[in-house]
Amino acid sequence: MTHPYFAKERHPRVLAHRGLVTAMGEDSGVWENSAASFAAAHAAGAEYIETDCQVTADGDVILFHDSSLQRLTDDPREVRHVRTREIARLFADHGGLLTVREALDLFPDTRFNIDVKTSAAADRLGPILADHTHRILVTSFSDANRRATVAATLRAGAALRPATSGGSATIAAVRALSAAHLSPARALRDIDALQIPERQGVLRVLTPGLLRAAHRLGVEVHVWTVNELADMRRLVAAGVDGIVSDRADVALAGLAGT
């Protein structure tokens, strides 16, 4: 059965990658994964937002991509060693920090794709996600983090497991099995989507065989991170189900009706 996360017949699905920052201009000062970037994605019509989570020194699960503050703030400290209130102060002039719980409350109609960046987040996410699993897709490069998050969510009393996207090991297995014309059914057990780059270095990850194998098993394929409209249209024509983009506004306008 199709998970409620995918119940809306929207083709292709456009996932706003860390919200929507680019459309606001380079001088806006708004950071990715901020309240302002999510509000901009919502205003552009995005029903799906892709985001990431880390755990602070206080044990709060915040929406933040990197393991350290280096890229955004030039501060080399790891997020896990910094208090939530200090990170919130850093975000104050750049769109506002959000915890996972706050994002779910502020955007009650949005479907979230949450990339679990650290194993420390799994148990903490369970009680936060339990009442929202119909609109949550849990993903991680680590299949162990994905499984742990789903398990914690069910232990917290969720009546429905969140939707899931396979990690690196799952993707590699599906790529290899489909190339050998073997069924990846076992690898895709309890997987609802594969979120992949079109290429990884010289390796083509997205292949017609992978698409066919996933679709035969009712699994969607989403490609990241695609920002040029011509590439979006080419991938949709090839049969992908979703586009993860920094330019959700461009995708929503340019792919309407495709």
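A polar contact is taken here as a pair of N or O atoms within 3.5 Å, where, within protein, one atom must be able to donate a hydrogen and the other to accept it. With that in hand, a good place to enter this predicted model is His3, whose side chain reaches the backbone oxygen of Arg161 at 2.7 Å. The side chain of His3 also reaches the backbone nitrogen of Ala163, at 3.1 Å. His3 is found in the segment before strand E1 (13–17). With a relative accessible area of 5%, His3 is buried, because the cut-off for that class is under 20%. Once neighbours within four places in sequence are left aside, the contacts of His3 are Thr133, His134, Ile136, Leu160, Arg161, Pro162, Ala163 and Asp192. A separation of 15 Å lies between the C-alpha atoms of His3 and Gly166, which are 163 residues apart along the chain.

His3 also leads to one of the pockets. The second largest pocket holds about 320 Å³ of space. Its lining is made up of 16 residues, and those closest to the centre are Met1, Thr2, His3, Asp192 and Gly218. Sorted by class, this lining has eight nonpolar, four polar and four charged residues.

The largest pocket has a volume of about 470 Å³. It is lined by 25 residues, with Phe141, Ile171, Gln195, Pro197 and Trp224 lying nearest its centre. Two or more lining residues come from each of strand E2 (48–55), strand E4 (111–116), helix H7 (168–179) and strand E7 (193–197). Helix H7 gives the most, with four residues. In the lining of the largest pocket, eleven residues are polar, eight are nonpolar and six are charged.

Attention can now turn to the packing of nonpolar residues. The largest nonpolar core has 50 residues, and the members touching the most others are Cys53, Val100, Phe112, Leu194 and Ile196. Helix H5 (residues 120–129) gives the most to this core, with four residues. Another core lies apart from it and has nine residues, among them Leu69, Val79, Phe91 and Leu97. Within the largest core, Phe112 is worth a closer look. Not counting residues up to four places away in sequence, Phe112 touches Tyr5, Phe38, Ile49, Thr51, Ala103, Leu104, Phe107, Arg135, Ile136 and Leu137. Ile136 is also among the contacts of His3, and Phe38 is also among those of Arg18.

Arg18 is found in the loop between E1 and helix H1 (35–43). Although a charged residue, Arg18 counts as buried, at 14% relative accessibility. Beyond its neighbours within four places in sequence, Arg18 is in contact with Glu32, Asn33, Ser37, Phe38, Glu50, Asp52, His65 and Arg71. The charged residues in this set include Glu32, Glu50, Asp52 and Arg71.

Glu102 offers a view of helix H4 (residues 100–106), where it has its place. The relative accessible area of Glu102 is 37%, so this residue is partly exposed, falling between the limits of 20% and 50%. The side chain of Glu102 reaches the backbone nitrogen of Thr99 at 2.9 Å. The C-alpha atoms of Glu102 and Ser168 are 66 residues apart along the chain and separated by 29 Å.

Technical notes: Residues numbered from 1 in each chain as written. Predicted model: local features only at pLDDT ≥ 70, side-chain atom pairs only at ≥ 80, totals over all residues. Heavy atoms only, no water. 1 Å grid on protein atoms, 1.4 Å probe; cavity = no way out; pocket = protein on both sides within 12 Å on 5 of 7 lines; lining within 4 Å. Points joined across faces, edges and corners; volume = space filled by probe spheres on them. Buried < 20%, exposed > 50% of the residue type's maximum accessible area, 1.4 Å probe, protein only. Contact = heavy atoms within 4.5 Å. Core = buried A, V, L, I, M, F, W, Y, C linked by side-chain atoms within 4.5 Å.
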